[in-house]
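Q: I'd like a close look at a single part of this structure, taken slowly and with the neighbours included. Could you walk me through it?

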Amino acid sequence: MPNRSKQKGCRYEAELVSRATNSGLPAKRAWGSNGAALGLHPEVDCVIAGYKVQAKRRKSLPQWMRPSDEVDVQAVREDHGETFIIMSEWDFHDLLKAAQKE
C-alpha cells in the first residue's frame with residue numbers, strides 16, 4: 001500500500017525545484033527527502049540558490065497566515081520568539097536572483 005502523504009510531499013519538493021530552475025535559480029532535491037544525501041541535516045528537503053528548504057504541504061493554511069494582496073510579506077512571531085517572514089514563492093525567487101547579481 002503506497003504512502004500517499006509521502007508521495008504528495010515528494011511531488012511538492014520536485015515542484016519547488018522545477019519552478020526554481022525554471023526561474024533561473026540553481027536548485028536540487030535531496031534524494032529520499034533526506035538532506036543527508038546532500039551532506040546536510042536530514043530535515044532539508046531541497047536546496048534553492050544555496051538556501052536549505054524544508055517543504056511542507058498542507059490541505060489548507062490558516063487564513064491569517066496568508067499575506068493579503070495589499071502587502072508584500074507577512075511577519076509572524078510567537079510571544080518572546082523569533083520573527084518569521086512569509087512571502088510568495090515568486091517574490092522569494094526575485095529576492096534570490098537579486099542577491100545573486102550583487
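Q: Which residues are buried in α1?

A: Bear in mind that this is a predicted model. In α1, the buried residues are Glu13, Leu16, Val17 and Ala20. They sit on the same side of α1, because the arc they cover around the axis is only 90°. There's a general reason for that sort of pattern: with 3.6 residues a turn in an α-helix, residues three or four places apart point the same way.

Now for the helix itself. Helix α1 takes in residues 4-22, and at 1.5 Å a residue its 19 residues should span 27 Å; the C-alpha atoms at its ends are 27 Å apart, so the two agree. At the N-terminal end, Asn3 acts as a cap, with a side-chain oxygen 3.2 Å from the backbone nitrogen of Ser5. Past the other end, just after α1, Gly24 has a positive phi of about 90°. Turn to the face that points away from the buried side and you'll find the exposed residues Arg4 and Asn22.

What does the buried side pack against? The buried residues of α1 pack against three strands, β1 (27-29), β2 (46-48) and β3 (51-53), and also against α2 (89-101). Leu16 shows this nicely: leaving aside residues up to four places away in sequence, Leu16 touches Cys46, Ile48, Val53, Ala55 and Glu89.

Leu16 is also one of the 10 residues in the largest nonpolar core, together with Val17, Ala20, Leu25, Cys46, Ile48, Ala49, Val53, Ala55 and Leu96. Two elements, α1 and β2, give two or more residues to this core, and the largest share, 3 residues, comes from α1.

That leaves Glu13, the other buried residue worth following. The side chain of Glu13 makes a polar contact of 2.7 Å with the side chain of Ser33, and Ser33 belongs to the loop between β1 and β2. Ser33 has 13% relative accessibility, which is under the 20% cut-off, so Ser33 counts as buried too. The Ser33 side chain has another polar contact, at 3.4 Å, with the side chain of Arg29. Setting aside residues up to four places away in sequence, Ser33 touches Lys6, Cys10, Glu13, Pro42, Val44 and Asp45.

So, put together: the buried side of α1 packs against β1, β2, β3 and α2, Leu16, Val17 and Ala20 are in the largest nonpolar core, and Glu13 is joined to Ser33 by a polar contact between side chains.

Note on methods:
Residues numbered from 1 in each chain as written. Predicted model: local features only at pLDDT ≥ 70, side-chain atom pairs only at ≥ 80, totals over all residues. Heavy atoms only, no water. Helix = DSSP H or I, 4+ residues; strand = E, 2+ residues; numbered from the N terminus. Expected span 1.5 Å × (residues − 1). Buried < 20%, exposed > 50% of the residue type's maximum accessible area, 1.4 Å probe, protein only. Arc of directions from axis to C-beta. Contact = heavy atoms within 4.5 Å. Polar contact = N/O pair within 3.5 Å; in protein donor to acceptor, adjacent residues only side chain to side chain. Core = buried A, V, L, I, M, F, W, Y, C linked by side-chain atoms within 4.5 Å.
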